[in-house]
Amino acid sequence: MLLLDVLYRELVDTFEKIEKTSKRLEITDYLSNLFKKIPSDIIDKVVYLIKGGLHPDYLGIELGIAEKLTIKSISAATSIPEEDILKKWQEIGDLGTVTEILISNQTKEEESKKNSYSIKKPLTIEAVYMVLGHIAKLSGTGSQKAKIQILSYLLQYAEPVEAKYIIKTVTGKLRLGVGDMLIIDALSIAFAKKTDRNVIERAYNIYPDLGMIAKVLAKEGLDGVLSIKITPGIPIRPMLAERLYNIKEILEKIPLSAVENKYDGIRMQCHIKDDIIKLFSRRLEDITDQFPDIRMDLKESKIRDAIFEGECVAFNQNTGEILPFQEISHRRGRKQGIIQAIEDYPVCLFLFDCLYKDGEDLTVKSYLERRKILESVIKPFDKIDISNYEIIDNIKDFEKFFDRALEIGCEGIIAKSPDSKYMAGARGWNWIKYKREYKSELVDTVDLVAVGAFSGRGRRAGTYGALLMAAYNPDKDCFETVCKLGTGFDDDTLMRLPAKFEEYRLKEIDKSVESRIDADYWFVPSVVMEILGAEITLSPIHTCGLGSIKDDFGLAIRFPRFTGRWRDDKNPFDATTTPEIIEMYKLQLKRFK
Ligand code: AMP
């Protein structure tokens, strides 16, 4: 088959089928069937388009044309006045659907009159990808106008249903509810044996570019995927920690623990290849430009081929004190005033791991071997240091280490298994966190996703009275509600909630949310917030861990309070998970027995 022959309609038909179901297995089936049909040369593009973009996420290239601008393109393509489109948009809520309806009406009415429709050639995947890529690349003066023109031209060639998905894609609103794990399932069904899924997942964990992986798999089979290696410049999915609430239990899990300070800052993965240095966040975003001071230090280190990981904290250089997270949050997401921010909010990067060095994948080596290498190559610089660790086998020394960690401004400790490999992308018992809050009566903070909201009354009229919060269930790939959150907001934050969530508003509950509660507003699960709770209880109305402890009961967090910390560094899939909440409930039962 010629590449140019693969019609965009083929992809759009799959989108339509996916939109009509919430059953994971059905979606997997639709995708694996599509993958089998698509020529391997363009399967990478198909994967990116399914994910709503054109490139792997870590490149951070957004198509993002504002919806209001898109209206100009739709107007130019259909000759319908912008005000009419705007009105219809307000009525229907989804601009993609509006475009589909408008083009469909117009096609019917004017087909005979308008020549452009009669000479219209069907759109191919290649053509749509190329045009969208062109739009994404435009920048600078005059670029908005050019984007509108190119998009309107594309729309003139699109069938109504194709136009719907083009608009959803360019506005960043294609939300099929297809997570990366589901794409991996579909790829393994299409091109490998189900049992080989872990090979594909491992490749994804060390090289999170699903488009590239799909292409290698389709062209070279599993052997090709096995040859995908850790590569400086491509972020690695981070290893994550479990939690426990007392030291005795930690030592039972890891009798000889390598105990490190748990710094409260921003996780940073540092990639060095010759003169090129890249810094990635926990969400794998490229944050290099926000930390030129760290980049400079790494450059001076004379290391030429390595990947390190550490936690970057705000730091008082005079006292050596580690400052609270709020301080370093001033350095994140900044596009302007970076030089001033370096002065106002100095930082220190505490490196705790070395994942790759001089062509060698170190993730397969033990913790102690990796630490040895880290210590041999990193000499403390102005802004870079190494996290300390101590091998501990008893409660007394553990407590001493913990208290010292708190004293210097850390939020707790992480106990690591000295023999463990670095498990990219996995949360496991080889790393266990133990935090300050665990010593108090309160449960730990949890990071929950806002999935809905309720209208405010009385003093809160005009804003939200509470948010509906959910945990992520990785087994079911969905978000399960766990509490209503109405406390911990200052007045200003409270009044600004509707504006903050505006871009995530949905007409109906998102497909990936499981709720027994009917919220007044629904959101795309996107925003992660840190919450402190008093207790976890069984709940007949919340769906978190439904039936796991008691039939027809879920779990709820009682008296939840927003700590004020928006976890912008976490995506919704990094939120506290249902198994973690279940574990916390069980531990709490043990503690209070
Ligand atoms: P949490 O975000 O509560 O799940 O805790 C895990 C996080 O602690 C990691 O993602 C790191 O950002 C951070 N962290 C701080 N210090 C360390 C350390 N010494 N080793 C590993 N992770 C650390």
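## Ligand site and enclosing cavity

Strand 2 (257-262), strand 11 (412-416) and strand 12 (427-435) each contribute at least two residues to the shell around the ligand. The structure described here is a predicted model.

The ligand is surrounded by 14 residues, and those that come nearest are Glu260, Arg267, Glu311, Lys416 and Lys433. By character, the shell around the ligand comprises nine charged residues, four nonpolar residues and one polar residue. Polar side-chain atoms of Glu260, Glu311 and Lys416 lie at the following distances from atoms of the ligand.

| Residue | Ligand atom | Distance |
|---|---|---|
| Glu260 | nitrogen | 2.7 Å |
| Glu311 | oxygen | 2.5 Å |
| Lys416 | nitrogen | 2.8 Å |

The ligand taken alone exposes 500 Å², and the protein buries 96% of that area.

Where in the protein does the ligand lie? The space that the ligand takes is the largest cavity. The count of cavities of 30 Å³ or more comes to one, and the volume of the largest cavity is about 510 Å³. Its lining is made up of 34 residues; Lys262, Arg282, Glu311, Glu411 and Ile414 are the ones nearest the centre of the cavity. Glu311 is thus named both among the residues that come nearest the ligand and among those nearest the cavity centre.

Which elements line this cavity? Two or more residues of the lining come from each of strand 1 (240-243), strand 2, strand 11, strand 12 and strand 13 (445-455). Strand 12 provides the largest share of the lining, with four residues. Strands 2, 11 and 12 also supply residues of the shell around the ligand, at least two each.

The lining of the largest cavity divides into 21 charged, eight nonpolar and five polar residues. For the shell around the ligand, the corresponding division is nine charged, four nonpolar and one polar.

Key:
Residues numbered from 1 in each chain as written. Predicted model: local features only at pLDDT ≥ 70, side-chain atom pairs only at ≥ 80, totals over all residues. Heavy atoms only, no water. Near = heavy atom within 4 Å. Polar contact = N/O pair within 3.5 Å; in protein donor to acceptor, adjacent residues only side chain to side chain. Areas by Shrake-Rupley, 256 points an atom, 1.4 Å probe, with all protein chains shown as cover. 1 Å grid on protein atoms, 1.4 Å probe; cavity = no way out; pocket = protein on both sides within 12 Å on 5 of 7 lines; lining within 4 Å. Sits in = over half its atoms within 2 Å of the grid points. Nonpolar A, V, L, I, M, F, W, Y, C, P; charged D, E, K, R; others polar. Points joined across faces, edges and corners; volume = space filled by probe spheres on them.
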